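Open the viewer, colour by secondary structure, and have the selection box ready. We will go from the whole chain down to single side chains.

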Amino acid sequence: MENSESHGTVVKADLVEKVYRKVGFTRQEALKAVEILFNEIKLALAKGEDVRITGFAGFYLRNKNAR
């Protein structure tokens, strides 16, 4: 796996790998945990809520003009 962190971008595979290494889950368990997290973020955004994960990221919906 290429280390995309050096390019300033974190991809799902990076998160799965970190969970796998730090938490001690199997890779399948780590993948499932990351997918659950993303699903919860999507559900919150769909309800119009902002999502902030301290020390990691913030997810916000914003209005954009049509092109």
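Here is the tour, stop by stop.

**Before you click.** This is a predicted model, in which local features need pLDDT of at least 70, side-chain atom pairs count only at pLDDT 80 or more, and totals for chains, interfaces and linings use all residues. Residues are numbered from 1 along each chain as its sequence is written, and side-chain values use heavy atoms, with hydrogens and water left out.

**The whole chain.** Start with everything shown: you should find two helices and two strands, in the order α-α-β-β. Helices here are DSSP runs of H or I with at least four residues, strands are runs of E with at least two, and both are numbered from the N terminus. Of the 67 residues, 16% count as buried; buried means under 20% relative accessible area, exposed over 50%, and partly exposed in between, with a 1.4 Å probe and protein chains only.

**Helix α1.** Select residues 12–23, the twelve residues of α1. Its buried residues are Asp14, Leu15, Val16 and Glu17, and they pack against α2 (27–46). Step just past the helix to Gly24, where phi is positive, about 90 degrees.

**Helix α2.** Now pick the 20 residues of α2. Which of its residues are buried? Show Ala30, Val34, Ile41, Ala44 and Leu45. Look down the axis of α2: these buried residues fall within an arc of 105 degrees, so they line one face of the helix. The arc is taken from the directions from the helix axis to the C-beta atoms. Turn to the face away from the buried side and you will meet the exposed Gln28, Lys32, Lys42 and Ala46. To see what covers the buried residues, add α1, β1 (51–53) and β2 (57–59), which are among the cover. After α2 comes Gly48, with a positive phi near 85 degrees.

**Salt bridges.** Show the charged side chains next; the whole structure has three salt bridges, each a side-chain nitrogen of Lys or Arg within 4 Å of a carboxyl oxygen of Asp or Glu.

- Glu35 and Lys12: the closest N and O atoms are 3.4 Å apart. Glu35 lies in α2 and Lys12 in α1, so the pair ties together parts 23 residues apart in sequence.
- Arg21 and Glu17: the closest N and O atoms are 2.6 Å apart. Arg21 is exposed at 63% relative accessible area, whereas Glu17 is buried at 15%.
- Arg27 and Glu17: N to O is 3.4 Å. This pair links Arg27 in α2 with Glu17 in α1, ten residues apart.

For the last view, keep Glu17, Arg21 and Arg27 on screen together: they are linked in a network of salt bridges.

Technical notes:
Expected span 1.5 Å × (residues − 1). Contact = heavy atoms within 4.5 Å.
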